[in-house]
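Reader: I'd like to learn how to read a protein fold step by step. Could you take me through this one?

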Amino acid sequence: MLRLTCPYCGVAAEETELAPGGEAHLARVGPEGNDDAFHAYLFERENPRGVHFERWRHAMGCGKWFHAARCTVTLEVFGTYPAQTTEPPAHIRAAITAKRPGWAWRGLS
Ligand SMILES: [Zn+2]
């Protein structure tokens with residue numbers, strides 16, 4: 001079972017206490033965006049085999065949204081962090097690099 005620690009209240013919540021919110025760090029398309037960019041924002045999602053960044057809500061707890069970095073193959077969790085970040089924090093990226101040398105995501109590693 002997937003277990004994530006809420007970064008706001010510190011509770012290690014089981015999957016049944018959480019609500020999934022899909023891929024994290026999606027960049028919204030503004031009024032200057034074209035149809036292709038808007039289509040990609042609405043429908044195109046990454047589905048990696050390995051390190052992935054996701055949105056979760058502590059639905060049966062504090063109710064706040066947060067981000068989680070985990071491996072989709074092993075369900076290993078590298079860390080959770082507040083949703084008000086535009087990219088994974090350095091300590092999360094370091095934790096991933098320690099266990100998955102050579103990983104990369106959208107130019108970050
Ligand atoms: Zn919480």
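Author: Sure, here are some short questions and answers about this predicted model.

Reader: Okay, what pattern of helices and strands does the chain follow along the sequence?

Author: Start by counting the pieces: the chain has 2 helices and 6 strands. Now walk along the sequence and write α for a helix and β for a strand. You get β-β-β-α-β-β-β-α.

Reader: Does the chain's radius of gyration agree or disagree with that of a compact globule, and what is it?

Author: For 109 residues, a compact globule would come out near 13 Å. The C-alpha atoms here fill a box of roughly 40 × 35 × 20 Å along the principal axes. The chain's radius of gyration agrees with the globule figure, and its value is 15 Å.

Reader: Which strands stand at the edges of the open sheet?

Author: Four strands line up in the order E3-E4-E5-E6, with antiparallel pairing. An edge strand has a single partner, so one side of it is left without a neighbour in the sheet. That description fits strand E3 (19–23) and strand E6 (77–82).

Reader: Which residue in E6 is the bridge partner of Ala 68?

Author: E5 and E6 pair in the antiparallel sense over 5 bridges. Ala 68 falls within strand E5 (65–71). Across in E6, its bridge partner is Thr 80.

Reader: What angle does helix H2 make with E6?

Author: Helix H2 covers residues 90–99 and packs on the sheet, where it touches E4, E5 and E6. Compare the direction of H2 with that of E6, and the angle is about 175°.

Reader: Which residues have the most contacts inside the largest nonpolar core?

Author: This core has 13 residues. Strand E4 (51–57) and strand E5 each supply at least two of them. Leaving out residues up to four places away in sequence, Ala 69 touches several residues, including Val 51, Phe 53 and Ile 92. The ones with the most contacts inside the core are Leu 4, Trp 56, Ala 68 and Ala 69.

Reader: Is Leu 75 buried or exposed?

Author: Leu 75 lies in the loop between E5 and E6, and its phi is near 65°, a positive value in a residue other than glycine. Now count neighbours: 11 other C-beta atoms sit within 10 Å of Leu 75. The cut-off for this class is 12 or fewer, so Leu 75 is exposed.

Reader: And how does His 25 count, with its C-beta neighbours inside 10 Å?

Author: His 25 sits in the loop between E3 and helix H1 (35–43), and its phi is also positive, near 65°. It has 16 C-beta neighbours inside 10 Å, so His 25 counts as partly exposed.

Technical notes: Residues are numbered from 1 along each chain as its sequence is written. This is a predicted model: local features need pLDDT of at least 70, side-chain atom pairs count only at pLDDT 80 or more; totals for chains, interfaces and linings use all residues. A nonpolar core is a set of buried Ala, Val, Leu, Ile, Met, Phe, Trp, Tyr and Cys residues joined through C-beta atoms within 7 Å. A residue is buried if 20 or more other C-beta atoms lie within 10 Å of its own, exposed if 12 or fewer, and partly exposed in between; C-beta atoms are placed from the backbone. Two residues are in contact if their C-beta atoms, placed from the backbone, lie within 7 Å. The radius of gyration is taken over C-alpha atoms; the globule rule is 2.2 Å times the number of residues to the power 0.38. Two strands pair if DSSP finds at least two bridges between them. Axes are lines fitted to C-alpha atoms, for helices over the stretch in contact, and angles run from 0 to 180 degrees between N-to-C directions.
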